[in-house]
Structure formats: C-alpha cells, structure tokens
Amino acid sequence: MGRTVVVLGGGISGLAASYHLSRAPCPPKVVLVEGSERLGGWIRSVRGPDGAVFELGPRGIRPAGVLGARTLLMVSELGLDSEVLPVRGDHAAAQNRFLYVGGTLHALPSGIRGLLRPSPPFSKPLFWAGLKELTTPRGKDPDETVHSFAQRRLGPEVTPPRSPQIPPLLNQLQIPILKPSTRASSVSSENALFSSYPVAPPNSVLGVNAFISFPSFCNSGTAFQPNPTPPLFSAKQGQWKLVQLIPWPLNPSLTLKVASLAMDSLCRGVFAGNSRELSIRSCFPSLFQAEQTHRSILLGLLLGAGRGPQPDSALIRQARAERWSQWSLRGGLETLPQALNTHLTSRGVSVLRGQPVCGLSLEAEGCWKVSLGDSNLEADHIISAIPASVLSKLLPAEAAPLARALSTITAVSVAVVNLQYRGARLPVQGFGHLVPSSEDPGILGIVYDSVAFPEQDGSPPGLRVTVREGSFA
C-alpha cells in the first residue's frame with residue numbers, strides 16, 4: 001500500500017512541495033490542505049478596470065542560483081514560458097536602485113567606476129570596503145547578525161546625515177506614504193490612514209491591501225508594536241483630507257555606516273526586519289557560505305559554490321544569456337499558483353480548500369492523524385508550509401520541545417499600497433528605492449512597478465508604484 005503525504009498550507013511553498021511530490025518516480029498519495037478558500041498565500045494579483053495588474057504581495061522572482069533555476073524549470077513544465085516577463089540585465093530596473101537619504105534619492109554604485117569613486121550617501125569609494133573584505137579573516141562563529149557580519153567584513157563608512165526634506169520624487173508624483181495609526185490585522189481602502197507630504201491628493205488611489213506577514217529569522221524578535229503617532233493624511237470613502245506635514249526627527253549625532261545604512265536598508269526591503277537581529281546564515285546563506293568556503297564573500301560570489309550541476313531548460317539558458325535580474329508573469333504572479341493547482345489536480349493530488357487544521361496527533365501505529373474539525377486524515381508524513389507560530393499550536397504534547405522552539409520564530413507585518421497615476425512620469429528610472437531606518441522608521445521603500453513591467457500598465461497605460469510600510473521595535 002502506498003504512503004500518504006499531507007501538505008499543510010496552500011501557499012506557494014505548499015503548492016511547490018505538492019508539485020515535486022506528485023512528479024516523483026514513485027509518487028505517494030498527496031493531500032494538500034488549505035484553511036482558506038483560495039490558494040497562493042501572499043501571492044495575489046488583481047486587475048484594474050483598465051487591465052492594469054496590481055500585486056498585493058510579491059511582484060517579481062529572482063532567477064539566480066539553483067533555486068531560481070528550479071523555479072524557471074517548473075514554469076516551463078507548467079507551460080508558462082510565453083507568459084514570462086523578464087527584466088534583462090541591461091534594463092534600467094536591473095541596473096538602477098536608489099537609497100533615500102537626507103531628503104534625496106541616491107543611485108547605488110554599479111560597475112567598476114561606481115566602486116572607484118565616492119558615491120553619496122557614502123563618503124568614500126566602496127572599493128576600499130571591498131579591499132578590506134578580501135583581507136578579512138574568516139569568521140569563527142557558527143552564526144551572527146547581518147549587521148555584525150557586514151561591519152566585520154566591510155568596515156565602517158561614516159557620513160553625517162542631512163536634515164529631512166520633502167523627497168523630490170514623492171513631491172512630483174504626489175504619493176501619500178502609508179502610516180497606519182494602529183497596527184491592525186488588516187486595513188481596507190474605505191477606512192485607510194495615511195501620512196503624506198503637503199501636496200494635492202493623487203489622481204487615483206487603489207487603496208491599501210491587507211497586511212503581509214514575513215518571518216524575522218531571528219531567535220528572539222519583537223512584536224509589531226502600536227504606533228501612537230496620529231495620522232497626518234486620511235481617506236475615507238473617497239473623501240481626502242489634507243493636513244500638515246510633521247517630519248520624523250533624526251538624531252543629529254547619528255553616523256551612518258555601510259553595515260547600518262546599506263545592509264539596514266536591504267534587510268528592511270527584503271524582510272522588513274532589523275539587521276541587528278536577523279541571522280546572516282538564515283537570511284543571506286550565499287554570503288555566509290561564500291565566507292566559509294572561500295574566506296571572502298567577493299571571492300565566493302565570483303568563484304561560485306562549486307556544487308553539483310544546475311537544472312537546464314531553454315528558459316533557464318535564456319535567463320542566463322540575458323542576465324535576468326527578475327521576472328514576473330503577464331497576468332500577475334498569481335498565474336503561477338493557479339497553474340500549479342490545475343497541474344496538481346490533473347495528477348491526482350487532492351486539494352482541500354476551506355479546511356483549517358484543528359490539531360495533529362501521532363497514532364500508535366506511527367501514523368499521523370490530521371484533525372479537520374468534522375473529519376480526519378491519516379498520513380505517513382506531514383509537510384508543513386504554514387507559519388511556525390501556527391504549527392506550534394497544532395502539535396501534540398509529545399512534540400512540546402519542538403512547539404516551544406517554533407513559537408519563538410516571530411514575524412512582522414507589512415502594509416502594501418498600490419498606486420496608479422494618469423499622465424505622470426518618474427523623474428528617475430530604476431527598480432525603486434529603499435529607505436533606511438535612520439531616515440524614516442516606518443517607510444521601507446517604494447517599488448517603481450511600471451519601470452520593471454510596463455506590460456502590466458493597462459490601456460491607456462498608467463504609472464504604477466507600490467509603497468511598502470512597516471516597522472519593528
């Protein structure tokens with residue numbers, strides 16, 4: 001009798017796990033259990049009346065490394081090659097990224113020339129940080145924070161911050177910056193709280209999407225705390241009320257470093273987390289492994305990990321030849337979980353929606369019982385693709401040590417605001433810009449969606465940007 005595997009969670013992780021199980025040489029019986037009525041988890045795409053695509057969660061996938069190649073191979077096997085929208089290496093969205101520091105957008109250095117000369121907000125050429133990295137000995141600790149790792153290998157790079165000003169990009173586009181006055185589980189577009197620069201309301205605001213939760217990858221994190229700051233800009237049922245700008249105070253004695261500026265912004269943009277708490281081994285395993293294998297992250301990235309062969313397909317070869325930085329799908333990233341659902345059903349995978357798991361118990365025969373309220377499932381193996389804190393509450397008493405460990409994995413919340421403008425143009429072209437915590441602890445960054453994927457702008461095309469807002473204590 002064949003084995004049964006129950007996969008908990010119908011997000012992209014659970015769908016991908018079910019996909020690979022179903023394509024094994026001797027596939028087991030696979031049952032995918034999702035508590036809600038829809039699949040895809042945080043991946044959700046919506047279309048506006050003009051056909052424009054708005055992502056309520058992730059908006060692009062990186063093709064780099066073995067994992068990136070395997071994802072592209074899965075896309076090909078699902079028959080989605082013709083739907084792929086690549087961002088090639090020579091595209092502005094691949095070459096240009098910005099930091100918002102001191103009230104100004106600064107292009108991050110790129111290429112050899114960018115490393116050999118000072119590039120604000122850095123007061124020294126980053127070449128010297130790279131030279132120090134090549135001569136720094138390998139770390140001896142099994143893990144450390146991202147900030148500690150970057151400071152140890154790259155060294156300090158001090159520059160004084162300037163007083164905050166109205167960002168010219170936001171001033172020209174009239175973009176409100178989201179700052180909910182309380183951290184609720186969700187925010188609707190009918191009752192949204194914003195802070196804004198003192199400009200006219202935007203031509204079209206699509207509203208605020210549900211909060212998105214990201215794991216913090218740290219042993220001891222802090223919860224997302226309420227912000228007592230009153231709202232500066234409010235919108236309710238289409239009625240906009242403009243109020244005075246109150247700038248965030250900055251410590252004039254603050255000094256910025258590569259570790260606390262660049263890595264701080266990167267950790268906020270990717271994980272919405274604190275670089276002084278996040279694990280380098282968990283969050284940036286390629287950097288950690290490069291140091292361990294080659295003693296230098298620069299040498300490690302140049303020489304590669306030297307591991308087994310990568311997957312191969314026409315799409316993978318095209319991505320390498322054109323140096324893709326990221327890709328999406330024409331109808332939005334939700335096309336991927338939808339295609340996975342169709343494929344799984346065709347291969348006999350049972351997909352149960354609207355079936356929240358109530359508990360897990362280990363039977364005397366060594367099998368697992370999965371309680372679904374009014375019914376039960378029996379499984380030889382369980383694969384969990386649900387949040388660690390949720391799984392910790394489902395485990396039986398025998399797994400109490402594991403439950404306690406899982407309960408310590410914290411998460412933060414991120415609010416996503418999709419905005420669209422008619423007849424507007426960006427003053428710069430690039431992927432977007434990040435905001436370090438020293439500049440504004442609430443704003444993580446803004447993604448210039450129309451630069452990377454103009455094919456999703458709708459007809460007539462409108463400028464699309466996404467504001468990401470979050471915080472951590």
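In which sense do β22 and strand β23 pair, and over how many bridges? In this predicted model, the two strands pair in the antiparallel sense, and four bridges join them. Strand β23 covers residues 463–470, and within β23 the residue T466 is the bridge partner of V447. Strand β22, made up of residues 443–447, is mostly covered, with five of its five residues buried. Strand β22 also pairs with strand β21 (residues 432–434), again in the antiparallel sense, here over three bridges. In that pairing, H433 has I446 of β22 as its bridge partner.

The loop between α16 (449–452) and β23 contains P460. The peptide bond leading from S459 into P460 is cis, and its omega is near -5°.

For the protein as a whole, the secondary structure amounts to 16 helices and 23 strands. The protein has 473 residues, of which 46% count as buried. About 22,900 Å² of surface is exposed, and 56% of this is supplied by carbon and sulfur atoms. Among contacts between residues at least 6 apart in sequence, those joining residues at least 24 apart make up 72%.

A further group of strands forms an open sheet of four, in the order β15-β2-β1-β19 and with parallel pairing. The edges of this sheet are taken by β15 (350–352) and β19 (381–384); each has a single partner strand, so one side of each is left without a neighbour in the sheet. On average, and with direction ignored, neighbouring strands here are turned by 20° against each other. Strand β1 (residues 4–8) pairs with strand β2 (residues 29–33) in the parallel sense over five bridges. One residue of this pairing is V5, whose bridge partner in β2 is V30. Helix α1, formed by residues 12–22, lies across β1, β2 and β19. With respect to β2, helix α1 runs at about 170°.

Strand β14 comprises residues 326–329 and includes Q326. Is Q326 buried or exposed? The relative accessible area of Q326 is 5%, and the residue counts as buried because this value is under the 20% limit. Apart from neighbours within four places in sequence, the residues in contact with Q326 are G60, I61, R62, P63, L85, P86, V87, F431, A452 and F453. One of these contacts, P63, is 263 residues from Q326 in sequence, yet the C-alpha atoms of the two are 6.1 Å apart in space. Another residue in contact with Q326 is F431. The face of F431 has R97 lying over it, at 4.8 Å from the ring centre.

The count of aromatic pairs comes to one. This pair is formed by F271 and F284 in an edge-to-face arrangement, with 5.8 Å from centre to centre and 85° between the planes. The pair links distant parts of the chain, its two members being 13 residues apart. F271 belongs to helix α8 (residues 258–271), while F284 is in the loop between α9 (280–283) and α10 (285–294). Both F271 and F284 are buried.

Two residues other than glycine with positive phi values were also examined. A272 is not a glycine, but its phi is positive, at about 55°. The position of A272 is in the loop between α8 and α9. A272 has a relative accessible area of 2% and therefore counts as buried, the limit being 20%. R295 likewise has a positive phi, near 70°, and is a residue other than glycine. The loop that holds R295 is the one between α10 and α11 (297–303). How does R295 count in terms of exposure, and what is its relative accessibility? R295 counts as partly exposed, because its relative accessibility of 32% falls between the limits of 20% and 50%.

Key
Residues numbered from 1 in each chain as written. Predicted model: local features only at pLDDT ≥ 70, side-chain atom pairs only at ≥ 80, totals over all residues. Heavy atoms only, no water. Pairing = 2+ DSSP bridges. Axes fitted to C-alpha atoms, helices over the stretch in contact; angles between N-to-C directions. Contact = heavy atoms within 4.5 Å. Buried < 20%, exposed > 50% of the residue type's maximum accessible area, 1.4 Å probe, protein only. Areas by Shrake-Rupley, 256 points an atom, 1.4 Å probe, with all protein chains shown as cover. Phe/Tyr/Trp six-rings, centres within 6.5 Å; stacked < 30°, edge-to-face > 60°. Lys NZ or Arg CZ within 6 Å of the ring centre and 35° of its normal.
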